[in-house]
Amino acid sequence: MVRALLYLRLQSLRNFVLHRIRRLREPKYLIGTAAAAAYLYFAVLRRSLAGVKAVASAPVAAGVGAAVVCTALGALGLVIVAYRWIFPPQKAGLRFSEAEIAFLFPAPVTRRALIHYHLLSAQAAILFTSVLTSLFLNRMTVAGGNRLLGAAGWWVILSVFELVLLGTNLLLARLRESSPRFLLWRAAAVAAILAYAAAVAWSAGRFLSTGGHFLGEPGIDLVAQFGASSPFRWLALPFRVVFGPSLASSPRDFAVALVPALAVIALLYAWVSRSQAHFEEGTIALAERRAALRAAAQRGELPQVRRSKPKPSTGPFRLEPKGPPEIAFLWKNLLSMQGSLVSRRLVVIAIGIGIGLSLSIGPVLSWKARASGFDVYGPMIVVFCGMTAAYTLILGPQIARQDLRTDLANADLLKTYPMEGWRLVLGELLAPTVVLTGVLWCAILGAALAVDAGGRLGWLTPGTRVALALSLALAAPVLCVIQLIVPNAILLLLPGWQPAGRSRGGGIEQFGQRLIFAVVQLLIALLVVVPAAAFAALVVFCAQWLVGIGTASLLAAAVVVPLLSGIAAVGLWFLGHRFERFDLSLEVR
Amino acid sequence: MIEVEALTKRYGSFTAVQDLSFTVRPGEVLGLVGPNGAGKTSTLRCLAGIIPMTSGTVRVAGRDLASDPVAAKRELAFFPDEPRLFDYLTVRQHLAFVARIYGVADHEALGRGLLEELELLEKADVLPGELSRGMKQKLVIACGLLHSPRVMFFDEPLTGLDPLGIRRMKDSIMRRAREGAAVVLSSHLLHLLEEVCTHVLILKKGRKVSGGTLAEVAAQFSNGEPSVSLEEIFIRATGGSEN
């Protein structure tokens, strides 16, 4: 049976790889792969290679880094296990695809064989993750910077994690099914974990109170001493065994550390594979949830883990039957955002906090600046607001996707509506425009209140401050529309490249494609914003002598905003025309 | 009501529909029949203005679909084989949205009537995710009928419906036709066409093989035999294969 399962897994993997290689004949995948490969080389691998030399020159520091990472991982593992005992799943579920369930569950296969199959499947992901992790974190890998041994060390850690979590789930399911003292068992387990955590904390306190010699010493000595101190070294023994191969400083040490680690894996494997828990129902539910998440991701929605069904919402405002139809799209897409992102209560709270902070921050900063004679927080807030605005303009359109990108699956329906293409596109862009503009306005308001809170700039009168903020606020919605036109234009011009709504998406090619889109988005932002800002600055510079900076900035906005609106209008007209001629069935052939 | 002249649709070098001409008058129900890949769905999508035709003319309620698409689309409704709904709009909100798009002033009363007729009133405030496939199909129909279209296109209208749903769908189509709508539907279910359609258009590889009333088409392929079934006619007309 295991041979059949192995055959299925290996053949699937082989066909997957071949499919990915063959589709490189299509330019969109080839270019995407090339972009991703270039990024990975320059951003990761090259640094990784440089990292080996750094490790060789500073092995102790690398060892400390590895110890810190391992401690953090160990603590995380303990927290996850404690969480499982406190909030146990209703049913234990193994990770199987819907196809695997359809073929394997009715087949004459024992439950133990299914667990074997699951563990076998998990190994592929663990091996891949181990290699990637050793590449990304090779500074943490000691053993002479040997990547192979580093990957093996990570394989041990991840395998133990997988087995412990799976075993815990199955044990909890078994206890829930068979033991009347389920609650008692859970209480005992949580108490044991808490006692262990308390012992670790006590040992750390004891070390700090009795050590005394760490002050003024390099931090690396402190970590090493604490690791070797008693009773911590005994408390950490199970973790030291698991993390031993990763913490080894030479291939020989690695080999020595690997033996007990493998013994732990063997014990955990025996424990898990002998489980008698019923996992079928939980597995089916898990597979359905994963399929739904995948489908949501393909529709372009955020891959959030939604355990409960979405609830109906009353809508952002009352939609009257008469009026511009574009507003219907704004209403619909805002409603979708409410349902798919966060609850309305959270949005109201966030906006309330934002407005409250914005209104209160100005007077507070003024007082602080006057009191101290130096404005400390103002520049920080201005920089923060500026960065928020920049990120909103560049990355915002990639996040706020409630436009054509999420509605493309309904293109047939949309095209039957009695609307000109440009009006439909405008309607689709309104909701993300409203959201992004709201964020930009908050950033502008924050910056306007925080800049020069001490009032040292004589020319920045309250009137000028308001005029500058108003000028920027007027330009914000138009800039958002232009930025949102870019990804929607990519969608309509190169629909086969668009990851949303395509089952062929995914993998390194899509990563590369997204990189290319992000660069295009950045370039368009620069091409639009920089000339517009330069032109506005020129208008302000020329007019300020006559009417003052405040009025000059409003004048600049009066000139630049119509120009930007013209660009946006041309973009909308082009997109509308393209949408009217758009034929998805033809585009994806 | 629906006038089609020399309709042609090409996908690159592949011709899905070639030189198709026909007319559907008020009260008539035209059934599009043909083997897989015959061009039925492409034809329907061109007629509904979903995809642009390569050449030819389509007039819906007297409006040219190419030169005046907005006016033409006001008069039609398209019902796809797979119900496409917005995930986060309730049944009632779907109707409100469609009402705004088509400018239906009294949509609340109309919508209520439609929901009652389609037995969806109890589900008015739930999201599509909580509806069965049949109910979703009903919601699509309610949305399509809200603006009282004079022309209706159904693509495989019975897909996924239970026997009761099939009966209701057939009754609904026939009732709308009796009330003066021009209906075009495509289906592989020949017994449905025999029951519902007044006219049939048989397509093969994008071309019209035969068309007319059921009696006319039967006469063309019966070879003098009495009471030949539509299934037999279909097989004879298409040569019993897709190619």
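A salt bridge here is a side-chain nitrogen of Lys or Arg within 4 Å of a carboxyl oxygen of Asp or Glu. I looked up R176(B) with that rule, and its side chain meets that of E179(B) in a salt bridge at 4.0 Å, N to O.

**Ground rules**

I note that this is a predicted model, in which local features need pLDDT of at least 70 and side-chain atom pairs count only at pLDDT 80 or more, while totals for chains, interfaces and linings use all residues. Residues are numbered from 1 along each chain as its sequence is written, chains are lettered from A and ligands numbered from 1 in the order in which they are written, and side-chain values use heavy atoms, with hydrogens and water left out.

**Salt bridges within chains**

I first went back to R176(B) and E179(B). For burial I used relative accessible area (buried under 20%, exposed over 50%, partly exposed in between; 1.4 Å probe, protein chains only). R176(B) is buried at 11%, whereas E179(B) is exposed at 53%. Salt bridges with shared partners join these two residues with E117(B) and R175(B) in one network.

Next I looked up D125(B), which forms a salt bridge with R92(B) at 3.1 Å, N to O. D125(B) lies in the loop between helix 4 and helix 5 (133–145) of chain B and R92(B) in helix 3 of chain B, so the pair ties together parts 33 residues apart in sequence. Helices (H or I, at least four residues) and strands (E, at least two) are DSSP runs, numbered from the N terminus. Both ends are partly exposed: D125(B) has a relative accessible area of 46% and R92(B) one of 42%.

In chain A I looked up R423(A), whose salt bridge to E326(A) has its closest N and O atoms 2.8 Å apart. This pair links distant parts of the chain, with R423(A) in helix 19 and E326(A) in helix 13 (residues 326–340) of chain A, 97 residues apart. R423(A) is partly exposed at 24%, and E326(A) is buried at 7%. Over all chains I have 20 salt bridges by this rule.

**Where chain B touches chain A**

I then turned to the interface. Counting contact as heavy atoms within 4.5 Å, I find 37 residues from chain B and 45 residues from chain A. The buried area (accessible area, 1.4 Å probe, that two parts lose on being put together, summed over both) is about 3500 Å², and carbon and sulfur atoms give 60% of that. On the chain B side, F86(B), Y88(B) and R100(B) lose the most area to chain A, together 25% of what that side buries.

I count 2 salt bridges between the chains. R45(B) with D412(A) is a salt bridge whose closest N and O atoms are 2.3 Å apart. Strand 1 (2–11), helix 2 (69–74), helix 3 (91–102) and helix 4 (107–117) of chain B each supply at least two residues of the side that touches chain A. Helix 3 of chain B gives the most, with 7 residues.

**Confidence in chain A**

Last, I checked pLDDT (the predictor's confidence in each residue, from 0 to 100). The mean for chain A is 80, and 80% of its residues reach 70 or more. Among its elements, helix 22 (residues 584–587) has the lowest mean, 58, and helix 19 (residues 421–450) the highest, 93. Over residues 302–307 of chain A, pLDDT stays under 50, and the model has 13 contacts for them beyond four places in sequence. Residues 500–504 of chain A are also below 50, with 19 contacts beyond near neighbours in sequence.
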